[in-house]
Amino acid sequence: CRARPDLQVEVALNTDSPELQALVAQRYPETVLVERPQELCGDTVPKMAVFQQTLAEMERRGGGRYDHLIDLDITSPIRRESDVAGAFAAAEARADLDLVFSVAQARRNPYFNMVKVVGDHVEKVIESPYTARQQAPAIYDLNASIYVFRRDFLAENKTGILWDGKCGIYEMFDSGILDIDSEEDYLLMEVIARHLYATAPEFAGVRDNIRA
């Protein structure tokens with residue numbers, strides 16, 4: 001970890017994909033491969049259960065306990081090293097937090113310009129007197145990029161719900177992260193990535209660090 005050389009960091013890949021395992025093993029042989037069991041596969045499996053399996057397996061292999069688990073979601077391919085370090089620093093700075101996750105400022109605000117259907121009409125999601133978006137409370141989108149768990153909170157969680165813990169946030173550059181959830185998202189991310197690689201050195205560094 002260049003940002004914090006005093007830390008002992010291990011990288012694990014948890015997947016049931018043989019193709020992904022082979023690719024990572026070839027390019028990043030230092031990565032520990034964790035086989036995901038069938039019962040933790042599928043769209044409806046709580047991701048917390050996968051984090052817990054990863055933590056338990058890594059501690060079983062190493063024979064010790066970790067302080068934190070950091071999830072770097074595979075659907076956010078061009079996050080910057082400084083964002084990972086920043087999210088971890090935010091978690092380290094607050095001993096009262098169980099979890100810090102990355103966010104971006106929301107483009108819509110439920111206090112101002114988001115609506116819900118109520119009977120035969122629509123209403124603001126949250127009733128408020130605001131006449132300008134700038135007056136409304138700051139709202140953030142979870143951008144599904146970085147999660148920093150304190151070890152004991154993760155290991156002891158029984159519900160799979162993040163909100164059981166005390167949560168904090170780390171704000172990221174909005175346009176740099178797109179939670180890829182479809183073919184259309186992937187194509188859009190290619191366009192965004194080309195622009196950021198050409199105009200922002202930190203993002204170009206992400207591309208340059210990829211091992212061929």
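## A salt bridge at Asp-152 and its network

Asp-152 and Arg-151 are joined by a salt bridge in which the closest N and O atoms are 3.1 Å apart. This pair belongs to a wider arrangement, in that salt bridges with shared partners link Glu-59, Arg-65, Arg-151 and Asp-152 into one network. The two residues of the pair sit in unlike surroundings: Asp-152 counts as partly exposed because its relative accessibility is 36%, whereas Arg-151 counts as buried, its relative accessibility being 13%. The model described here is a predicted one, and the distances and accessibilities in this report should be read with that in mind.

## Overall architecture

The secondary structure of the protein chain comes to six helices and eight strands, and read along the sequence these elements follow the pattern β-α-β-α-β-α-β-β-β-β-α-β-α-α. The C-alpha trace spans about 55 × 45 × 35 Å along its principal axes.

The protein chain has 212 residues, of which 35% count as buried, and it exposes about 13,200 Å², with carbon and sulfur atoms supplying 53% of that area. Among the contacts with a sequence separation of 6 or more, 65% are made by residues that lie 24 or more positions apart.

## Strand pairing around strands 4 and 7

Strand 4, residues 99-105, is mostly covered, since six of its seven residues are buried because they fall under 20% relative accessible area. Strand 4 pairs with strand 7 in the antiparallel sense over six bridges, and it is joined to strand 8, residues 167-171, by five bridges in the parallel sense.

Individual residues show how these pairings are made. Val-100 stands opposite Val-148 in strand 7 and also opposite Gly-168 in strand 8, while the bridge partner of Phe-101 in strand 7 is Tyr-147. As general background, the side chains of a regular strand alternate between the two faces of the sheet.

Strand 7 has a further pairing, with strand 3, residues 68-72, to which it is joined by five bridges in the antiparallel sense. Within that pairing, His-68 stands opposite Arg-150 of strand 7.

## Helix 5 and helix 6

Which residues of helix 6 are buried? In this helix, which covers residues 201-208, they are Phe-203, Ala-204 and Val-206. They lie on the same side of helix 6 because they cover an arc of only 145° around the axis. Pro-201 and Asp-208, on the other side of helix 6, are exposed, and what covers the buried residues of the helix includes helix 5, residues 183-199.

Asp-185 has its place in helix 5. Not counting residues up to four places away in sequence, Asp-185 touches Leu-178, Asp-179 and Ile-180. Asp-185 and Thr-75 are 110 residues apart in sequence, yet their C-alpha atoms are 9.7 Å apart in space.

## Further salt bridges

The count of salt bridges in the model comes to 14, and two further pairs are described here. Arg-60 forms a salt bridge with Glu-57, the closest N and O atoms being 2.6 Å apart. Because these two residues are three residues apart in helix 2, residues 47-62, they are separated by about one helical turn. Arg-60 is exposed, with a relative accessible area of 58%, whereas Glu-57 is buried, with a relative accessible area of 18%.

In the second pair, the side chains of Asp-96 and Arg-94 meet in a salt bridge with an N to O distance of 2.8 Å. Asp-96 is partly exposed, with a relative accessible area of 35%, and Arg-94 likewise counts as partly exposed, at 38% relative accessibility.

## A nonpolar patch on the surface

Where does Ile-126 lie? Its position is in the loop between strand 6, residues 121-124, and strand 7, residues 140-150. Together with Met-114 and Val-125, Ile-126 makes a nonpolar surface patch of about 190 Å². Ile-126 counts as partly exposed because its relative accessibility is 31%, and this value satisfies the requirement that a residue in such a patch have over 30% relative accessible area.

Key
Residues numbered from 1 in each chain as written. Predicted model: local features only at pLDDT ≥ 70, side-chain atom pairs only at ≥ 80, totals over all residues. Heavy atoms only, no water. Patch = residues over 30% accessible without salt bridge, like charges linked within 9 Å, V, L, I, M, F, W, Y side chains within 5 Å. Areas by Shrake-Rupley, 256 points an atom, 1.4 Å probe, with all protein chains shown as cover. Salt bridge = Lys/Arg side-chain N within 4 Å of Asp/Glu carboxyl O. Helix = DSSP H or I, 4+ residues; strand = E, 2+ residues; numbered from the N terminus. Buried < 20%, exposed > 50% of the residue type's maximum accessible area, 1.4 Å probe, protein only. Arc of directions from axis to C-beta. Contact = heavy atoms within 4.5 Å. Pairing = 2+ DSSP bridges.
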